[in-house]
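Biologist: Please take a close look at the ligand site in this model. Then place it in its setting, with the charged pairs and a few local details.

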Amino acid sequence: MGKKYGAVSFVQILAPELNDRMLADFLDMESSLIVSLHVQSLDQVKAIKTVKRKITDLDRAKIEEQKKAVRAGYDMDIIPSDLATYGNEAKKLLQDLQSRNERMFLVTFLILNTADTARQLGNNVFQASSIAQKYNCQLARLDFQQEEGLMSCLPLGQNQVEIQRGLTTSSTAIFIPFTTQELFQNGKEALYYGINALSNNLIMVDRKKLKNPNGLILGTPGSGKSFSAKREIANCFLLTTDDIIVCDPESEYAPLVERLHGQVIKISPTSGDYINPMDLNLDYSDDESPLSLKSDFILSLCELIVGGKEGLQPVQKPSSTVVCGWSTMIT
Ligand SMILES: Nc1ncnc2c1ncn2[C@@H]1O[C@H](COP(=O)(O)OP(=O)(O)OP(=O)(O)O)[C@@H](O)[C@H]1O
Ligand SMILES: [Mg+2]
């Protein structure tokens, strides 16, 4: 079609149990391909009846084999292994349907590979086929049915391929919606936190709405931890009116803060920025007087910096002396 080559194949699901990585592996292929799944639910009563009929058929075949064994003179427990496996699988399926609230679905699983050249197409189909084999399935080209296959692959909701496979609810469920946990909070202040690796959906979170708004960025050296923190800061700066306070021992964030016209305060013995420990904030506390709290703080500060090992002597303690002592220290 156009200048593209394409080939439709169906996936024969031979494995009794499927792994949810299969679909992800198909979608991870580098070449372009369309995966279509037609899922049709089956009436529960009809499904149970069908399975029961199959079990009866298998039992009959088993009895035939046993008769043959007796006639030929060998142990009648020896029956073809396929027969034994199918019998067990069918019984398990019946039990799932009857007691585990499973339903039956008929699934048609199609894959449309496309490529620029016929040769490239061959390679792509081969690659898809090896993925199918990895999960105990087989990829079979839809011979003489390519047009029906193409129509069934298009998003028209029409299945013209009559090859179907019965699967239970849990086996069908692995195809949708991949096993991803989506994290998408609506809201004006939801920030971008990356892309879900499996579903490629955005991860949007408003930390302030979470039960615990704290976050931790983990990663190997050089994997982009600082980058992600800076990106979050920029996102937060552009979107919200929140205050951003960075405590940064390595002065890594100073250029970013300067770009955002923020204030960089350097605290070090050689810097020109100072902190005034006696600065008084009248909103310091709701119940106690800010003044007495501040005096307590300064007392313990002095105890730490001038008191030495034993702390302050009782005579040094009265607050007036302390404040005098402090002011002489500053001058
Ligand atoms: N999403 C990204 N897109 C493009 N470049 C990126 C991305 N994330 C990180 N980088 C680049 O990768 C390099 C390392 O990133 P960064 O310094 O953030 O890693 P780190 O985890 O903080 O490292 P360290 O453990 O040394 O602190 C930087 O040059 C950064 O620009
Ligand atoms: Mg870093």
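Modeller: The ligand site comes first, then the salt bridges, then three single residues.

This is a predicted model, in which local features need pLDDT of at least 70, side-chain atom pairs count only at pLDDT 80 or more, and totals for chains, interfaces and linings use all residues; side-chain values use heavy atoms, without hydrogens or water. Residues are numbered from 1 along each chain as its sequence is written, while chains are lettered from A and ligands numbered from 1 in the order of writing.

Start with the shell. Around ligand 1 sit Thr-220, Pro-221, Gly-222, Ser-223, Gly-224, Lys-225, Ser-226 and Phe-227. A residue counts as near when one of its heavy atoms lies within 4 Å of the molecule. By class, the shell holds two nonpolar, five polar and one charged residues. Here Ala, Val, Leu, Ile, Met, Phe, Trp, Tyr, Cys and Pro are nonpolar; Asp, Glu, Lys and Arg are charged; the others, Gly among them, are polar.

Now the polar contacts, meaning pairs of N or O atoms within 3.5 Å; within protein, one must be able to donate a hydrogen and the other to accept it, and residues adjacent in sequence count only if both atoms are side-chain atoms. The side chain of Lys-225 puts an N or O atom 2.7 Å from an oxygen of ligand 1. Gly-224 uses a polar backbone atom, 3.0 Å from a ligand oxygen. Phe-227 also uses its backbone, with an N or O atom 2.7 Å from an oxygen of ligand 1. The protein covers 43% of the 630 Å² of accessible area that ligand 1 has on its own. Areas come from the Shrake-Rupley method with a 1.4 Å probe; for residues, only the protein chains shown count as cover.

Next, the charged pairs. The whole structure has eleven salt bridges, each a side-chain nitrogen of Lys or Arg within 4 Å of a carboxyl oxygen of Asp or Glu. One of them joins Lys-208 to Asp-242, with the closest N and O atoms 2.7 Å apart. Lys-208 lies in the loop between β7 (202–205) and α7 (225–239) and Asp-242 in the loop between α7 and α8 (254–259), so the pair ties together parts 34 residues apart in sequence. Helices (H or I, at least four residues) and strands (E, at least two) are DSSP runs, numbered from the N terminus. Lys-208 is partly exposed at 47% relative accessibility, and Asp-242 is partly exposed at 32%. Buried means under 20% relative accessible area, exposed over 50%, partly exposed in between (1.4 Å probe, protein chains only).

Another bridge pairs Asp-116 with Lys-4, at 2.7 Å between the closest N and O atoms. Asp-116 is in the loop between β3 (104–115) and α4 (118–134), and Lys-4 in the segment before β1 (5–13), so this pair links parts 112 residues apart in sequence.

Arg-21 and Asp-25 bridge at 3.6 Å. Both lie in helix α1 (residues 21–27), four residues apart, about one turn. Arg-21 is partly exposed at 35%, whereas Asp-25 is buried at 13%. Lys-134 joins these two residues in a network of salt bridges.

Last, the single residues. Ser-9, in strand β1, is buried at 1% relative accessibility. Beyond neighbours within four places in sequence, its contacts (heavy atoms within 4.5 Å) include Phe-109, Val-125 and Leu-142. Phe-144 has phi near 60 degrees, a positive value in a residue other than glycine. Phe-144 is exposed at 86%, in the loop between β4 (137–141) and α5 (146–153). Ser-251 also has a positive phi, near 50 degrees. Ser-251 sits in the loop between α7 and α8 and is partly exposed at 41%.
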